[in-house]
Amino acid sequence: MTVGAGLRAENYVVRRKSNVTNQQRSDYFNLFPAFNVLYRPNSIINIIGTYSRKIGIPSFSQYDPNNTGYYDAFSSSVGNPLLKPNFYDNAELKVTVLDYIQISFSLSHSQFLNLTEVSVEPNSVQLLSSYKTYNNVNGYTAFAALPVPFAFFTKGLKMLDEPIEVDKMSFLYLYANYTKSVISGYNYQQKNKGFVTFGVYSQFVLPGKIRLNVDYYITSKGIFQIYEFYRNRTSFDVVLSRDFFDKKLRVSLSAEDIFNMDQSSTRLLFPSVSMSSYNKVDTRVIRAKVSYSFGRVEKKQDVDLGIPDKSKSMNE
């Protein structure tokens, strides 16, 4: 068993001034521990446990959105000077078998979390956007991955006894991820269901030492924090590459998001208003790339020429 631990102390001070007579100051002194444990019950199974505590500081635009907010007859933004820093407690348990199969579960607890809040005043048509501090936010994640080398079907478990060179082997890497977040006291306007991501990454070694890499994933509909993703998100990438001169020169041709399906469609539901947004950037790209590695540059050690340092001798 291997155990590691660390501790960091941090004092976070916030000073806010809205006018000459209204000033506020907040002091947050906290300790941020970190632990990790590695346990090997046998030669093929690794059990890894980690814990860490982190802080997330609100951005300036959340305190004062005057430079980033949108203002017109139908929308306005206001800052919240009372926002608190986000504190995260993260814990993870991971099990690996033969350094291939991986299963992990993680829990993230946020004492405070600052998120968007939108409201409409009675008898008004103007949306008012701001930020609100939510308490006790929990996030749950489960992850599983299964690499499938094609040599397994011809050599069986004997392939594990041979040196593994990833660049020279054909394989499939299958993975799945489930994520759900729960905010205590938040009034969900619809069923709070997590979302699932399925993906496959593959490599095929072709004649002429050419590698073909294919990457595909799809994410289901679901809710993250207070944001509802009401459309599936997916992407499909293909890369052809070859190395030359002992892997110093690499030439590749890639097609990213071939079907142009990588987009984000989200919805925010509040008691008095519903907001939907669609974000699509130009992710379908054809790219040709040539790169050359000059190797690692190491700093030369000082060579002792036997000449005394006069400045040092004068100080002494």
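**Exercise 1. Is phenylalanine 245 buried or exposed?**

*Solution.* Before starting, note that this is a predicted model, where local features need pLDDT of at least 70, side-chain atom pairs count only at pLDDT 80 or more, and totals for chains, interfaces and linings use all residues. Numbering runs from 1 along each chain as its sequence is written, and side-chain values use heavy atoms, with hydrogens and water left out.

Step 1: get the cut-offs straight. Buried is under 20% relative accessible area, exposed is over 50%, and partly exposed is in between (1.4 Å probe, protein chains only).

Step 2: apply them. Phenylalanine 245 has 61% relative accessibility, so it counts as exposed.

Step 3: find its place. Phenylalanine 245 sits in the loop between strand 13 (233-244) and strand 14 (249-256); strands are DSSP runs of E, at least two residues, numbered from the N terminus.

**Exercise 2. Work out how the two aspartates with positive phi compare in burial.**

*Solution.* Step 1: take aspartate 246, which is not a glycine yet has a positive phi of about 55°. Aspartate 246 lies in the loop between strand 13 and strand 14, and its 71% relative accessibility makes it exposed.

Step 2: turn to aspartate 257, with a positive phi of about 50°. Aspartate 257 is in the loop between strand 14 and strand 15 (264-270). At 2% relative accessibility, aspartate 257 is buried.

**Exercise 3. Trace the salt bridges of arginine 233 and arginine 250.**

*Solution.* Step 1: state the rule. A side-chain nitrogen of Lys or Arg must be within 4 Å of a carboxyl oxygen of Asp or Glu. That gives 7 salt bridges.

Step 2: look at arginine 233, whose closest N and O atoms with aspartate 262 are 2.7 Å apart. This pair links distant parts of the chain, with arginine 233 in strand 13 and aspartate 262 in the loop between strand 14 and strand 15, 29 residues apart. Arginine 233 is partly exposed at 35%, while aspartate 262 is buried at 15%.

Step 3: move to arginine 250, which meets aspartate 243 in a salt bridge (2.7 Å, N to O). Shared partners join Arg211, Asp243 and Arg250 into one network. Arginine 250 is partly exposed at 34% relative accessibility, and aspartate 243 is buried at 14%.

Key
Helix = DSSP H or I, 4+ residues; strand = E, 2+ residues; numbered from the N terminus.
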